[in-house]
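Please open the model in a viewer and keep the sequence panel beside it. This tour proposes a series of selections and describes what may be found at each stop.

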Amino acid sequence: MKFKLLFFLFFLVLKSYSQEYLTGNISYLNEENKSISLEGVSIYWLDSSVGVVSDENGFYSIPFQESKNKLVFKMLGFNDDLIEIITLKKYNHVMIESSSKLDEVIISKRQKTIQKSYFKTQNITNVSSDELLKAACCNISESFETNPSIDVNYSNAVTGVKQVKMLGLESPYLLITEENIPMIRGASQVYGLSFIPGTWVESMQITKGSGSVVNGFESISGQINVELKKPYSDSPFFVNVYSNNMGRNEINIHGNKIINDKLSTGLYLHANKNSSINDKNNDGFLDNPTSDAFNLFNRWQYINTEKGLVSFLGVRFMKDEKIIGENTQDMVFIRDPWRGEINTNRFDSNFKFGYVNPSIPYQSIGFQMAYSNHDQDSFFGIRNYNINQSSFYSSLIYNTILGSTLNKIKFGFNYSYDDFDEVVDKKNIFYSRIDKSFGGFFEYSYDSMDAVSLVAGIRYDVHNNLGDFFTPRLHMRYQPFEKSVMRFSVGTGRKSSNIFSENQNIFATGRDIQILNKSGKFYGLDSEKAINYGFSFRQGFFINNREGDITFDYYVTDFKNQVVVDWETQGELSFYNLNGKSFAKSLQIDFEYQISDNVLIKSTFKNFDVKKQYVSGFKQNPLTPKNRFFTNIEASTNERENGSKWKFDLTYNWIGTQRLTSHTELVDFDGYSPSYSLLNSQITREFSNKLEVYIGGENIGGYTQSNPIIGGDPFGADFDTSLIYAPIHGALFYLGLRLKL
Amino acid sequence: MKYIFIILFFTSSYLFSFQDQDSKSAKVSFEVSGVCDMCKSRIDEGVIKIKGVKYANWNINSNNISIIYNSRKTKLDSIKKNIAALGHDTDKYKAKDEVYQSLPECCYYKTLSIH
């Protein structure tokens with residue numbers, strides 16, 4: 001007869017000091033699989049003289065011994081057991097009769113939803129799909145609100161789009177990849193993250209610092225990689241519905257089918273609709289757009305473990321329509337209303353193939369290619385912005401070792417091709433550009449398997465607009481003790497300057513757009529180039545037998561060239577090449593502590609110093625809070641046998657003052673926005689492993705910016721919707737359901 | 001011309017990685033006593049650091065280790081001797097008592113009847 005024994009050992013932890021007792025019951029399973037109490041079992045600490053015998057009810061109570069934690073259970077006719085007691089005060093033991101064999105022990109620990117590794121060389125935070133559930137709605141750009149590494153900001157008062165920042169820099173300076181294929185770039189930069197539904201995501205990896213050379217030269221302040229659900233491992237059927245008090249409704253349906261042991265396929269559907277007119281702040285403008293979106297993704301997965309082959313094929317289509325602007329339904333106009341539309345169609349396809357030689361598991365080869373077309377037609381009042389980007393990306397990578405698996409190398413090629421066509425502003429100026437690049441990379445990693453590891457990479461790219469250049473990057477890790485790790489990274493990055501697609505909030509203003517340089521290859525401007533370096537230290541600890549850790553991260557991005565987006569003068573917006581210094585220094589201190597088995601608290605303080613040389617002087621970046629504070633508490637009840645439990649989550653954000661650019665309607669602020677707090681909360685009821693219902697609120701305190709839209713006449717030069725430092729709408733409440741079969 | 005540079009970059013990487021591929025690789029699999037994840041990292045780390053071993057992976061469930069090694073640089077017998085010196089028994093060499101006693105608690109494969 002075979003038994004499975006389940007231990008819930010919560011790792012770690014100091015010993016108990018006072019004279020406390022470990023208690024529990026001892027039983028065995030009889031032939032009918034019934035649990036019977038066992039009397040007369042000898043229980044003693046290994047290598048000590050302290051021992052007790054279980055009573056007629058199988059009960060025992062043994063005093064803790066300092067420095068002893070291995071408990072021996074002995075009884076004639078039963079197997080001797082040696083159990084390591086770490087954090088428990090109560091431990092029930094099941095003895096196994098000598099004739100039978102126990103062949104498996106499962107030790108499980110509650111998985112954290114955000115995990116930072118002690119062992120990875122790079123400063124990578126892994127975000128699981130459970131973490132994504134905490135911000136129930138609805139796409140990736142909104143999912144970072146409970147994550148301290150990434151900041152979420154509104155970019156303007158009309159489009160409802162949230163933009164992410166990392167290390168004080170906007171998302172264009174991040175490399176965002178989908179399963180290691182560069183994904184959100186160029187035309188999709190502003191809205192792209194909102195086009196990936198949260199439920200499609202299996203996990204995300206957030207790398208601080210320059211990252212790996214394998215995926216290209218573009219990452220400057222970090223990388224976000226999104227892993228999507230895999231048909232083979234995802235549940236066969238999943239539905240999520242969501243509705244909020246602002247009139248937004250969302251639905252996600254996933255279906256996965258395993259066709260045979262090698263081939264499986266998944267179909268993922270997402271749709272959302274917001275048809276209600278919201279103008280809670282009575283400024284005459286919709287607080288968030290009315291919208292319709294539809295997203296369909298089909299992927300195929302082929303795995304052949306005998307031959308070491310794995311392959312993916314995916315096809316995806318997305319359509320998104322937003323209507324923004326003045327509330328034409330409830331108001332009478334003597335002039336034309338200020339309206340806008342943002343209509344996007346996107347097609348994606350990708351193919352991946354990997355081969356691992358089954359007899360030489362350290363050698364593998366991977367090939368991937370992707371084609372996408374992104375088409376956005378939009379207007380904001382009388383300003384137009386249309387962009388069409390066709391992209392092709394391909395890479396080939398070979399992994400092997402040098403001598404032994406302590407020294408690994410990767411090398412290969414990337415090729416990328418991007419064709420941009422844009423129609424810009426009132427005069428419909430037409431811009432067309434092709435970016436082509438071909439590069440080779442080589443990356444060496446060393447891992448001593450204990451204290452030291454490093455990843456050193458270099459790549460050389462030939463790019464038609466950026467020129468020919470090397471990109472070196474280095475990451476090092478030193479772990480002097482089990483719970484202390486230090487990391488250092490340095491590297492360069494470059495990017496094309498897609499000024500209009502990255503700064504679409506300029507169109508929802510009356511500002512006169514000017515480009516001050518003429519000779520560069522990107523609208524007259526030069527490409528952007530920066531060096532990023534940083535240091536991180538993490539120390540784990542145990543207080544009161546519970547795990548916690550504290551992390552210090554300090555990163556600096558120093559721009560050699562940057563396209564400065566200058567909002568400093570009212571009624572004007574200018575782009576020009578950096579002439580002087582520009583840097584972003586970011587300090588982040590994270591504290592995390594497991595207060596009890598069921599309660600985890602996380603706190604973060606961030607300080608950003610982001611400055612650059614404008615024409616008008618060396619200044620702090622506008623609308624970038626210098627200080628931020630974040631706290632998240634998550635709690636859950638113990639899971640019942642039927643899989644039911646409650647989960648609670650509370651996030652508090654304090655956002656410090658932000659420099660405001662000068663505008664006659666903002667004179668009262670004296671140049672700085674007020675600081676404010678936001679509170680989000682969610683309660684989830686899991687009825688079983690299949691069904692759960694969630695309810696939650698965002699911005700529960702209801703803090704809003706009093707004057708998100710300024711400048712009077714929306715067709716005048718002073719009109720502005722982009723000087724946004726706080727939420728536009730007040731408290732938001734939602735309700736939803738998830739069903740998994 | 002500049003593309004040739006990238007091709008050179010690639011081929012030199014390739015040749016670099018194959019510099020020791022010509023030597024004789026041998027693949028073996030045998031049982032090593034152990035219990036837990038901690039044993040796994042001890043065994044994997046100890047074996048990969050033996051000169052000539054290119055790859056080592058110990059399986060917790062089966063207690064089997066797969067090793068790929070360069071047969072010109074080391075011998076199977078010496079790998080097994082090294083493993084026993086780490087405190088983990090193999091078919092040919094057994095761990096010395098004092099080494100065994102110094103193992104982390106969860107690795108006491110002799111007293112622990114479960115694995």
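## First stop: a loop residue in chain A

Begin by selecting Ser644(A), which lies in the loop between β41 (627-636) and β42 (645-655) of chain A. The model on the screen is predicted. Is Ser644(A) buried or exposed, or does it fall in between? It has 15 C-beta neighbours inside 10 Å, and therefore counts as partly exposed; a buried residue would need 20 or more.

Next, display the surroundings of this serine. Apart from its neighbours within four places in sequence, Ser644(A) is in contact with Glu686(A), Phe687(A) and Ser688(A). Add Asn689(A) to the selection: although 45 residues separate Asn689(A) from Ser644(A) along the chain, their C-alpha atoms are 7.1 Å apart.

## Second stop: the nonpolar cores

Select Ile176(A), Ile196(A), Val201(A) and Val226(A). These residues have the most contacts inside the largest nonpolar core, which comprises 44 residues. Among the elements that give two or more residues to this core are β12 (123-128), α1 (129-134), β16 (174-178) and β39 (599-614) of chain A. Centre the view on Ile176(A): with residues up to four places away in sequence left out, it touches Met183(A), Ile184(A), Leu193(A) and Ile224(A).

A second, separate core has 30 residues, including Tyr154(A), Phe420(A), Leu525(A) and Phe575(A).

## Third stop: a sheet and two backbone angles

Now select β13, β14 and β15 of chain A. In that order, these three strands form an open sheet with antiparallel pairing. β13 (151-154) and β15 of chain A stand at the edges and have a single partner strand each, so one side of each is left without a neighbour in the sheet. Strands of a sheet pair through backbone hydrogen bonds, either parallel or antiparallel. How many bridges join β13(A) to β14(A)? There are four, and the two strands run antiparallel. To see one such pair, select Asn153(A) and its bridge partner in β14(A), Gln163(A).

Move on to Leu167(A), in the loop between β14 and β15 (169-170) of chain A. Most residues other than glycine have a negative phi. Leu167(A), which is not a glycine, has a positive phi of about 50 degrees. This leucine counts as buried because it has 29 C-beta neighbours inside 10 Å.

Compare Asn180(A), which lies in the loop between β16 and β17 (181-182) of chain A. Asn180(A) is not a glycine either, and its phi is positive, at about 70 degrees. With 19 C-beta neighbours inside 10 Å, Asn180(A) counts as partly exposed.

## Fourth stop: the domains and the contact between chains

Colour chain A by its domain assignment, which gives domain 1 (2-108) and domain 2 (228-235 + 252-740). The C-alpha centres of these two domains of chain A lie 50 Å apart.

Then show both chains together. The contact takes 31 residues from chain A and 23 residues from chain B. Which strand gives the most to the side of chain A that touches chain B? That strand is β28(A), with six residues. Other elements to highlight, each supplying at least two residues of this side, include β8 (81-84), β10 (101-108) and β27 (383-402) of chain A.

## Last stop: chain B

Hide chain A and select the three strands of chain B that form an open sheet in the order β1-β3-β2, with antiparallel pairing. β1 (25-31) and β2 (53-58) are the edge strands of this chain B sheet, each pairing on one side only. From one strand to the next, the twist averages 15 degrees. Seven bridges link β1(B) with β3 (residues 64-70) of chain B in the antiparallel sense, and Ser29(B) has Ser66(B) in β3(B) as its bridge partner.

Add helix α2 (residues 37-48) of chain B, which lies across β2 and β3 of chain B and runs at about 165 degrees to β2(B).

Finally, select helix α3 (residues 76-85) of chain B, where Ile79(B), Lys80(B), Ile83(B) and Ala84(B) are buried. Looking down the axis of α3(B), one finds its buried residues within an arc of 140 degrees, so they line one face of the helix. Their cover includes α2, β2 and β3 of chain B. After α3(B) comes Gly87(B), with a positive phi near 110 degrees.

Conventions:
Residues are numbered from 1 along each chain as its sequence is written. Chains are lettered from A and ligands numbered from 1 in the order in which they are written. This is a predicted model: local features need pLDDT of at least 70, side-chain atom pairs count only at pLDDT 80 or more; totals for chains, interfaces and linings use all residues. Two strands pair if DSSP finds at least two bridges between them. Axes are lines fitted to C-alpha atoms, for helices over the stretch in contact, and angles run from 0 to 180 degrees between N-to-C directions. Two residues are in contact if their C-beta atoms, placed from the backbone, lie within 7 Å. A residue is buried if 20 or more other C-beta atoms lie within 10 Å of its own, exposed if 12 or fewer, and partly exposed in between; C-beta atoms are placed from the backbone. A nonpolar core is a set of buried Ala, Val, Leu, Ile, Met, Phe, Trp, Tyr and Cys residues joined through C-beta atoms within 7 Å. Domain bounds come from an automatic or database domain assignment. The arc is that of the directions from the helix axis to the C-beta atoms.
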